[in-house]
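Got your viewer open? Load the model and follow along, one selection at a time.

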Amino acid sequence: MAEAALKTDPVAAILEGREVLATGWSAAARSDALARLQASGLPERRDEYWKFTRPDTLTQAQAPQAAVMADDEAPLFDEMDRLQIVFVDGVFDAEASDDLALEGISIERLATANSDLHWARDVYGVLEKRGQDPVSRPLAALNTATATDGILIHVTGKPSKPVNLIYNHKSDSSDATLHHCIKLDAGAELTVLENGPAAARLNKVMEVEIADGASFNHIRAQGRNHERRAATHLFARLGTESEFKSFTLTMNGVLTRNEAVIELTGDDAKAHIAGACVGDGDFHHDDTVFITHDAVNCESRQVFKKVLRNGAIGVFQGKILVKAGAQKTDGYQISQSLLLDGDSQFLAKPELEIYADDVACSHGSTSGAIDEDALFYLRSRGVPHADATDMLTLSFLAEAVEEIEANDLREEILDRLTGWLGRRRG
Amino acid sequence: MLSIKNLNVKLEDEDKQILKGVDLEVEAGKVHAIMGPNGSGKSTLSYVLSGKGGYEVTEGTAELEGVDLLDMEPEDRAAAGLFLAFQYPVEIPGVGNMTFLRTAVNAQRKARGEEEMSAAEFLKVVRAKAKELKIDADMLKRPVNMGFSGGEKKRNEILQMAMLEPKMCILDETDSGLDVDAMKLVAEGVNALRSEGRGFLVITHYQRLLDHIKPDVVHIMANGRIIKTGGPELALEVENNGYADILAEVA
């Protein structure tokens with residue numbers, strides 16, 4: 001009887017074949033996370049937080065197959081001076097990676113990091129645990145408990161170039177669990193670039209601790225593979241006068257759930273998060289964002305844009321929580337979709353919860369088609385229908401892409417979007 | 001240049017006839033003005049000629065230099081040399097004014113089998129023309145018509161016209177929303193483009209624009225038809241007596 005029950009328990013099923021390390025500096029965090037997972041169980045369709053996205057393929061024991069896509073485009077960020085750290089199907093590839101030494105930061109691989117890495121102990125699973133309240137995030141707890149690889153970055157200064165995490169997907173059945181921890185000391189600065197599809201199924205957690213006056217900049221592109229699945233969590237905690245900026249580009253992917261949990265805990269901190277996604281056909285993209293204001297005079301900004309066609313589905317769940325005492329909060333949230341046909345869907349749940357009285361928070365969510373007046377205006381100037389449609393689609397995405405401050409990175413992202421649209425010309 | 005014969009147009013979704021047999025010939029090198037009360041069909045005429053959706057031509061023809069316009073897509077009409085300066089230019093966030101202009105110029109050139117304009121050449125030309133219209137560098141960089149005042153939008157229309165060098169220009173209530181100084185600037189821009197090979201159709205409510213853009217021929221349109229045609233003095237008559245007398249005279 002007990003054995004039969006065990007077999008149908010999804011938590012036990014997904015843990016089978018995964019190891020929860022019982023030794024080493026992360027052991028305590030891992031067993032703690034395991035307990036959280038066992039208490040909450042895995043997400044299910046009936047969970048309010050998963051109302052718009054079916055979690056079953058993310059929680060089933062075996063990763064669904066995902067064909068590797070032959071990509072004829074040059075990898076993103078190829079021309080940039082950056083420190084490259086390569087993972088293949090979720091495993092660090094030392095040979096393809098650069099030497100992990102750079103002035104102002106120290107980098108260790110999670111799988112081999114030694115036990116005296118004290119700073120990592122204060123980050124690994126710590127921000128993830130804080131992010132489990134008030135909504136549980138079982139896939140993140142699963143990740144903390146069972147992560148097999150990842151990178152630990154301690155930033156003490158201002159490194160001369162960005163760190164680029166490159167994810168290659170080479171096996172149809174890879175099931176990767178990656179966990180990154182980044183700690184920025186007071187006044188430190190770091191840009192992290194991420195690109196690539198990672199695996200057939202990816203469970204990724206990134207925890208970012210940003211001390212007073214530090215600044216973290218993050219640009220991510222999730223690859224162009226059509227069949228891959230990904231559940232990612234980005235946890236960040238911000239100190240006084242610190243800055244967090246994150247932009248995600250998603251093109252294709254049968255299922256993506258990107259959660260971001262950001263806590264503003266020091267006064268005068270700033271968190272901006274943005275995303276542009278384009279989906280065609282079998283595509284489900286979910287941005288779930290939870291921003292907590294727990295300090296005075298902080299600013300948060302969420303800008304998410306989705307272009308959907310041929311039955312693609314976009315989801316946005318975004319919340320701004322302003323705690324009592326978090327006066328002078330400036331919160332902004334916009335989520336918009338451009339539906340290129342009648343088959344596509346956008347499901348949005350914007351939320352504000354405010355316990356302070358001197359705050360300015362605004363949110364908006366829209367979905368619509370291409371503006372016929374604008375289309376006619378462009379065509380009346382001689383721009384052909386298809387070009388005009390692409391121009392207006394890019395113009396729709398622009399507000400999100402413009403959140404990227406660096407010109408070269410912004411141009412690169414725009415080029416990718418232009419290319420994506422170009423490949424869909426009749 | 002532009003030849004319209006017995007043009008009848010109704011709304012696509014509604015059983016409402018807007019144009020009821022318009023006949024009009026605009027010769028190359030001439031400026032024709034159409035005046036008329038609200039709801040007479042002036043703007044509809046400009047939209048139908050440039051190919052806006054939502055209208056159905058039930059009878060008649062419209063040709064540009066002998067080529068049937070009505071069967072063409074809006075972009076093909078533009079490449080063939082037709083230009084409409086909008087009464088309400090559309091704001092397009094996220095598309096730079098300069099990018100938009102260059103895309104339009106080169107799309108038309110490409111459609112006509114001409115060589116595209118290089119970035120450097122384009123920049124030189126657009127800067128010179130923008131200067132004449134007092135359009136500053138900031139307006140060229142900003143997204144199309146975003147945050148432009150009424151006058152700036154209209155000047156931007158004239159800049160597009162100057163860059164695209166159409167054969168046939170239709171100006172739809174270009175004077176609406178302009179103060180006297182802005183109107184002068186716009187009129188100067190239009191006058192600079194007057195040439196032997198180019199025709200103009202200026203649609204307006206009021207005579208005052210015609211003080212600055214002197215028409216060769218003035219038409220009065222009412223109830224979907226051109227009811228009277230004359231010289232510039234006809235515009236003055238409207239200015240002094242309104243439309244009532246002319247409407248009564250025709251009825």
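Start by selecting residues 138-146 of chain A, which form helix α7. Keep in mind as you go that this is a predicted model. Nine of the nine residues in α7 of chain A are buried, so the helix is largely enclosed by the rest of the structure. If you want to click through them, the buried set runs P138(A), L139(A), A140(A), A141(A), L142(A), N143(A), T144(A), A145(A) and T146(A).

Next stop: another helix in chain A. Select residues 372-380, which make up α8. How many of the nine residues of this helix are buried? Seven are, and so α8 of chain A, too, is largely enclosed by the rest of the structure. Colour these to see the buried ones: A374(A), L375(A), F376(A), Y377(A), L378(A), R379(A) and S380(A).

Stay with α8(A) and look at its two ends. At the start, show D371(A) and D373(A) as sticks: a side-chain oxygen of D371(A) comes to within 2.9 Å of the backbone nitrogen of D373(A). Then go to the other end and pick G382(A), just after the helix, where phi is positive at about 105°.

Now for a single side chain. Select R224(A), in the loop that links β10 (215-221) to β11 (229-238) of chain A. Is R224(A) buried or exposed? With a relative accessible area of 8%, R224(A) falls under the 20% cut-off and so counts as buried.

What does R224(A) touch, once you leave aside neighbours within four places in sequence? Show M69(A), D71(A), D72(A), E73(A), M251(A), N252(A) and R423(A), since those are its contacts. Zoom in on E73(A): its side chain makes a polar contact with the side chain of R224(A), at 2.9 Å. Then put a distance label between the C-alpha atoms of R224(A) and M69(A); they sit 7.7 Å apart in space, although 155 residues separate them in sequence.

Time to zoom out to the whole of chain A. Switch to cartoon and you should find ten helices and 20 strands. Its radius of gyration is 21 Å, close to the 22 Å that the globule rule gives for 426 residues, so chain A is as compact as a globular protein of that length. Along the principal axes, the C-alpha trace spans about 70 × 50 × 45 Å. Colour by burial, and 58% of the 426 residues in chain A come up as buried. A contact map is worth a look too: among contacts in chain A with a separation of 6 or more, 84% are between residues 24 or more positions apart.

Turn on the surface for chain A, and about 16300 Å² is exposed, with carbon and sulfur atoms supplying 47% of it. Mark the charges as well: there are 43 positive and 68 negative ones in chain A, and their mean positions are 3 Å apart.

Last selection: chain B. The cartoon here has ten helices and twelve strands. For its 251 residues the globule rule gives 18 Å, and the radius of gyration is close to that at 18 Å, so chain B is as compact as a globular protein of that length. Its C-alpha atoms fill a box of roughly 55 × 40 × 35 Å along the principal axes.

Run the burial colouring again, and 52% of the residues in chain B are buried. On its contact map, 68% of the contacts with a separation of 6 or more join residues 24 or more positions apart. The accessible surface of chain B is about 11000 Å², and 47% of that belongs to carbon and sulfur atoms. Finish with the charges of chain B: 30 positive and 41 negative, with mean positions 6 Å apart.

Definitions and conventions. Residues numbered from 1 in each chain as written. Chains lettered and ligands numbered in written order. Predicted model: local features only at pLDDT ≥ 70, side-chain atom pairs only at ≥ 80, totals over all residues. Heavy atoms only, no water. Helix = DSSP H or I, 4+ residues; strand = E, 2+ residues; numbered from the N terminus. Rg over C-alpha atoms; globule rule 2.2 N^0.38 Å. Buried < 20%, exposed > 50% of the residue type's maximum accessible area, 1.4 Å probe, protein only. Contact = heavy atoms within 4.5 Å. Areas by Shrake-Rupley, 256 points an atom, 1.4 Å probe, with all protein chains shown as cover. Lys, Arg positive; Asp, Glu negative; His and termini not counted. Charge placed at Lys NZ, Arg CZ, Asp CG, Glu CD. Polar contact = N/O pair within 3.5 Å; in protein donor to acceptor, adjacent residues only side chain to side chain.
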